[in-house]
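These are my notebook entries on a two-chain model. I set out to look up how each chain is built and where the chains meet.

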Amino acid sequence: MNAAATVDELQPDALVPAGEAGPASKRIVVAYGFWIFLLSDIVMFAALFAAYAVLKSGTAGGPAGAQLFNQVTAAIETACLLVSSYTCGLMSLAIRSQRRPATYFFAAITFVLGVAFLALELREFASMIAEGATPQRSAFLSAFFALVGCHGLHVGVGLIWLIVMMAQVAFMGFRASVQRRLLCFSLFWHALDIIWVGLFTVVYLMGIIQ
Amino acid sequence: MTTTTRSDRAPGDAAPSPEVQPTAPAGVLIYTIGLLLAVVLTATSFWVANTSLLWGPGVPLGLAVLAIAQMGVHLVFFLHITTGPDSTNNVLALAFGVLIVALVIAGSLWIMANLNANMTMSPGLMDLHMQR
C-alpha cells in the first residue's frame, strides 16, 4: 500500500511481545535517536536558563528587564510559535495520509509564522541594541542574548530545514526516508515551542513582575 | 497493514490505530485540543503576570506551575508522549532529561545563591572590587 505499511510488515508476528519482536523499524529507531538529541539540546538550554536565572540581577547599573521587555511583542511571538506548532502537527497528519497539497499548505503557514516570529525577535534585538542594551553592557544582557538568541538560532535553522524538506517532498515524493526526516523536523519544531514556553515565562513574564 | 503488532512507538507518532487508516479526524482533534489548552494556559500566564489581584510573592510560583503544565500539554498532545507500553523508551529518555534539567537549574540557583549569601560585601566595596 504505502511506504509506512511496508515498514510495518517487518514486524514478524502479532503475538510476539515487544522485547522479542526483533529489531524495531527504522522509523522508530531514527525518531528515538532524534528524541535523545532533542533532550540533550534541552539540557543545553537548561544550562543557559540557569545562567540567565543566576545573572538576572547582574545589571551593572544598566537597564533591567522591566525597562527593556515589551510584553505585547512577547505575546505576539508566543502566538506565532504556538500556532505554527499546531500547523506543523496538521502537516504531519497530511504527510501520514500522503496528501501533497495539504502538506505544502500547512508547511507554508508554519514557515510564514516562523519567519514572523524571527522578524519580531530580531526587531526587538535591534531596538535594544539601539538603546545601548548590547550583550557587552552587563552580565544580565549577556545571558539574555545567549538564551533568547540561541532559541532564535534554532528557529532559523528549523526554517531552513523546512525549506529543504519541502524541496525533498517536491522532487522525491513521500518515500520512507523523506517521511522519517519530516518526522524529525516536526519533533524539532514542537521541541522549540516547548523551550519557548519556558523562555517567555522565565524571561518576559518573570522579568516584568519584579 | 498488519493489525496488532506490539512494537515500540516513535516519538511524535500518534497511537497506532487498530483500524486500517490512520483516522485523520481524530488526529486533528488531538492537535486542536492541545492548541486550545495551550492558548488557555498561555493567556492565564499573561493574566497572572499583569494582575494585581493575586498575592505578589506567589506569582512566580504560579507562573512556573502554568509553564510546566503547558509543557506537559505540548508533550502529550503535540509530541504524543504517553504512558502506554509502546512509549516506555521515550518516557524513560524524557525522565532522564528532566532529571538532568532539574539538577542543572536547581543546583546552579542553589549554589550561586549560597555563594552570594556567603559573600556579604557592601555594594560600594563590591564596585571597587570589580573595577580592578
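I take two residues to be in contact if their C-beta atoms, placed from the backbone, lie within 7 Å. The model is predicted, and I read every entry below with that in mind.

**Entry 1. The contact between the chains**

I looked up the contact first. On this criterion, 49 residues of chain A are in contact with 45 residues of chain B. On the chain A side, the elements that give two or more residues are α1 (3–8), α2 (26–55), α4 (71–96) and α7 (176–209). Which of these elements gives the most to the side of chain A that touches chain B? I found that it is α2(A), with 15 residues. I then sorted the chain A side by class and obtained 34 nonpolar, 10 polar and five charged residues.

**Entry 2. Chain A as a whole**

I counted seven helices and zero strands in chain A. Along the sequence, the pattern reads α-α-α-α-α-α-α. The C-alpha trace of chain A spans about 70 × 40 × 25 Å along its principal axes. Of the 210 residues in chain A, 40% are buried. I also checked contacts in chain A between residues at least 6 apart in sequence, and 80% of them join residues at least 24 apart.

**Entry 3. Helix α2 of chain A**

I returned to α2(A) for its length and its buried positions. The helix has 30 residues and reaches 44 Å from its first C-alpha to its last, close to the 44 Å expected at 1.5 Å a residue. Its buried residues include A:R27, A:I28, A:A31, A:F34, A:W35, A:L38 and A:L39. Further along the helix, the list of buried residues goes on with A:F45, A:A46, A:F49, A:A50 and A:Y52.

**Entry 4. Chain B as a whole**

Chain B has four helices and zero strands, and its pattern along the sequence is α-α-α-α. Of its 132 residues, 26% count as buried. For contacts in chain B between residues at least 6 apart in sequence, I noted that 54% join residues at least 24 apart.

I found chain B divided into domain 1 (9–82) and domain 2 (87–132). The contact between these domains takes four residues from domain 1 and four residues from domain 2. By class, the domain 1 side of this contact has two nonpolar, one polar and one charged residues.

**Entry 5. Helix α3 of chain B and B:I105**

I compared the span of α3(B) with expectation. Its 31 residues should span 45 Å at 1.5 Å a residue, and the end C-alpha atoms are 44 Å apart, which agrees. The buried residues of α3(B) are B:N90, B:L94 and B:V101. What covers them includes α2 of chain A.

In the same helix, α3 (residues 88–118), I picked out B:I105. Is B:I105 buried, exposed or partly exposed? With 19 C-beta neighbours inside 10 Å, B:I105 counts as partly exposed, because a residue is buried only from 20 such neighbours. Setting aside residues up to four places away in sequence, B:I105 touches A:A46, A:F49 and A:A50, three residues that are buried in α2(A). I also noted that the C-alpha atoms of B:I105 and B:T82, 23 residues apart along the chain, are separated by 25 Å.

**Entry 6. Helix α7 of chain A against helix α2 of chain B**

I looked up how these two helices cross. The axes of α7(A) and α2(B), residues 59–78, come within 10 Å and cross at roughly 170°. That crossing makes α7(A) roughly antiparallel to α2(B).

From α7(A), the residues that meet α2(B) include A:H190, A:D193, A:I194, A:V197 and A:G198, with A:T201, A:L205, A:M206 and A:I209 further along. From α2(B), they are B:V59, B:P60, B:L63, B:A67, B:Q70, B:M71, B:H74 and B:F78. By class, I found 11 nonpolar, five polar and one charged in this contact.

**Entry 7. A:Q71**

My last check was A:Q71, which lies in helix α4 of chain A. With 15 C-beta neighbours inside 10 Å, A:Q71 counts as partly exposed. What does A:Q71 touch, not counting residues up to four places away in sequence? I found A:Y204 and A:I208. A:Q71 and A:W196 are 125 residues apart in sequence and 14 Å apart in space, C-alpha to C-alpha.

Definitions and conventions:
Residues are numbered from 1 along each chain as its sequence is written. Chains are lettered from A and ligands numbered from 1 in the order in which they are written. This is a predicted model: local features need pLDDT of at least 70, side-chain atom pairs count only at pLDDT 80 or more; totals for chains, interfaces and linings use all residues. Domain bounds come from an automatic or database domain assignment. Ala, Val, Leu, Ile, Met, Phe, Trp, Tyr, Cys and Pro count as nonpolar, Asp, Glu, Lys and Arg as charged, and the others, Gly among them, as polar. The expected span of a helix is 1.5 Å times one less than its number of residues. A residue is buried if 20 or more other C-beta atoms lie within 10 Å of its own, exposed if 12 or fewer, and partly exposed in between; C-beta atoms are placed from the backbone. Axes are lines fitted to C-alpha atoms, for helices over the stretch in contact, and angles run from 0 to 180 degrees between N-to-C directions. Angles under 35 degrees count as roughly parallel, over 145 as roughly antiparallel, 65 to 115 as roughly perpendicular and the rest as oblique.
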